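Colleague: I should be grateful for a close look at one part of this model, namely the charged side-chain pairs of the second chain and the sheet and helix around them. Please set the pairs in their structural context.

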Amino acid sequence: MAKKIKAGCARPTGGPVGESVESAPKEETTVATKKEVGSMIKVGRKAPDFEAPAYFEGDFVSVKLSDYLGKWVVLCFYPGDFTFV
Amino acid sequence: MSVDSVFVHKMWVDHELSKMVKGGIPFPMLSDAGGKVGAVYGIYDEDAGVETRGRFIIDPDGVVQGFEVLTPPVGRNVNESIRQIQAFQVVRDSEGTEATPSGWRPGKKTLKPGPDLVGNVWKEWKTEMAFD
């Protein structure tokens with residue numbers, strides 16, 4: 001399900017995959033960016049797909065949300081490592 | 001998922017979480033550098049540069065069935081998340097013919113929405129059932 005990634009010197013990054021919800025080209029002003037960020041996703045709608053590096057059972061892996069189709073998924077965000085969850 | 005790198009995730013597991021959870025964390029700890037994914041989900045606090053406590057329940061079709069978002073100082077109730085997943089699973093297994101009223105837990109009565117139930121919920125469900 002999750003494919004291994006090499007631990008290089010740069011920290012691995014990921015991000016949303018597929019079409020963005022707002023397909024219009026991004027404006028460069030801060031105000032426009034904040035406006036886009038402010039939109040909340042809706043229940044009953046598809047969860048936006050993404051791919052992200054992860055630490056899992058001793059390995060660095062790459063996880064894609066859509067690889068979990070067919071299973072129930074709980075996606076939890078938290079403010080930072082070494083805080084409580 | 002947090003904005004921390006996978007390297008910091010590993011350190012957190014090695015130095016702290018492994019002392020709380022035997023055998024380590026049984027699910028992938030995701031890294032969201034810059035909060036790009038959190039922004040799409042609407043829970044990234046761009047002023048603080050961190051994700052807030054967003055929790056999303058996603059069904060086997062990839063559809064968001066529920067979410068909860070808390071500011072950082074207050075932790076979540078894991079039992080409530082599990083209860084919600086159990087309720088969504090009951091509804092899904094019934095192909096939408098059953099619904100779980102307020103206070104439902106596994107083993108408690110579900111409701112069967114339809115013309116006969118309209119105006120008759122009071123016969124099937126009592127307010128104290130919301131609280132236990």
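Modeller: A salt bridge is taken here as a side-chain nitrogen of Lys or Arg within 4 Å of a carboxyl oxygen of Asp or Glu. On that basis, the structure, which is a predicted model, holds seven salt bridges over all chains. Side chains of opposite charge can pair when their charged atoms come close.

Before turning to individual pairs, the overall layout of chain B should be stated. Chain B has four helices and five strands, and from the N terminus on its elements follow the order α-β-α-β-β-β-β-α-α. Of the 132 residues in chain B, 40% are buried. When contacts between residues at least 6 apart in sequence are considered, 29% of those in chain B join residues at least 24 apart. The exposed area of chain B is about 7,200 Å², of which carbon and sulfur atoms supply 58%.

The part that merits close attention is centred on B:Arg92. The side chain of B:Arg92 meets that of B:Asp59 in a salt bridge, at 3.6 Å from N to O. B:Asp59 lies in the loop between strand S4 (53–58) and strand S5 (64–70) of chain B, whereas B:Arg92 belongs to helix H3 (residues 78–93) of chain B, so the pair ties together parts that are 33 residues apart in sequence. The two partners can also be described by their accessibility: B:Asp59 counts as buried because its relative accessibility is 5%, and B:Arg92 counts as partly exposed because its value is 34%.

B:Arg92 also forms a salt bridge with B:Asp61, at 3.2 Å from N to O. This pair again links distant parts of the chain, with B:Asp61 in the loop between S4 and S5 of chain B and B:Arg92 in helix H3 of chain B, 31 residues apart. B:Asp61 is partly exposed, with a relative accessible area of 40%. Through shared partners, the salt bridges join B:Asp59, B:Asp61 and B:Arg92 into one network.

The strands on either side of that loop take part in a sheet that includes both chains. Three strands form this open sheet in the order S5(A)-S4(B)-S5(B), with antiparallel pairing. Its edge strands are strand S5 (73–76) of chain A and S5 of chain B, each of which pairs on one side only. Neighbouring strands of the sheet are turned by 10° against each other on average, direction ignored. Between S4(B) and S5(B), which run antiparallel, there are six bridges, and B:Phe56 stands opposite B:Phe67 in S5(B). Helix H3(B), the helix of B:Arg92, lies across S5 of chain A together with S4 and S5 of chain B, and runs at about 20° to S4(B).

B:Phe67 also has a place on the surface. Together with A:Met40, A:Val43 and B:Val69, B:Phe67 forms a nonpolar patch with about 290 Å² of accessible area in total. A:Val43 is found in the loop between helix H1 (30–37) and strand S3 (50–56) of chain A and counts as partly exposed, at 49% relative accessibility.

A further salt bridge in chain B has another setting. B:Asp14 pairs with B:Lys10, their closest N and O atoms being 2.7 Å apart. Both residues lie in helix H1 (residues 6–20) of chain B, four residues apart, about one turn of the helix. B:Asp14 counts as partly exposed at 32% relative accessibility, as does B:Lys10 at 27%.

Definitions and conventions: Residues are numbered from 1 along each chain as its sequence is written. Chains are lettered from A and ligands numbered from 1 in the order in which they are written. This is a predicted model: local features need pLDDT of at least 70, side-chain atom pairs count only at pLDDT 80 or more; totals for chains, interfaces and linings use all residues. Side-chain values use heavy atoms; hydrogens and water are left out. Helices (H or I, at least four residues) and strands (E, at least two) are DSSP runs, numbered from the N terminus. Buried means under 20% relative accessible area, exposed over 50%, partly exposed in between (1.4 Å probe, protein chains only). Contact means heavy atoms within 4.5 Å. Accessible areas come from the Shrake-Rupley method with a 1.4 Å probe; for residues, only the protein chains shown count as cover. Patches are made of residues with over 30% relative accessible area and no salt bridge: like charges are joined within 9 Å, nonpolar side chains (Val, Leu, Ile, Met, Phe, Trp, Tyr) within 5 Å. Two strands pair if DSSP finds at least two bridges between them. Axes are lines fitted to C-alpha atoms, for helices over the stretch in contact, and angles run from 0 to 180 degrees between N-to-C directions.
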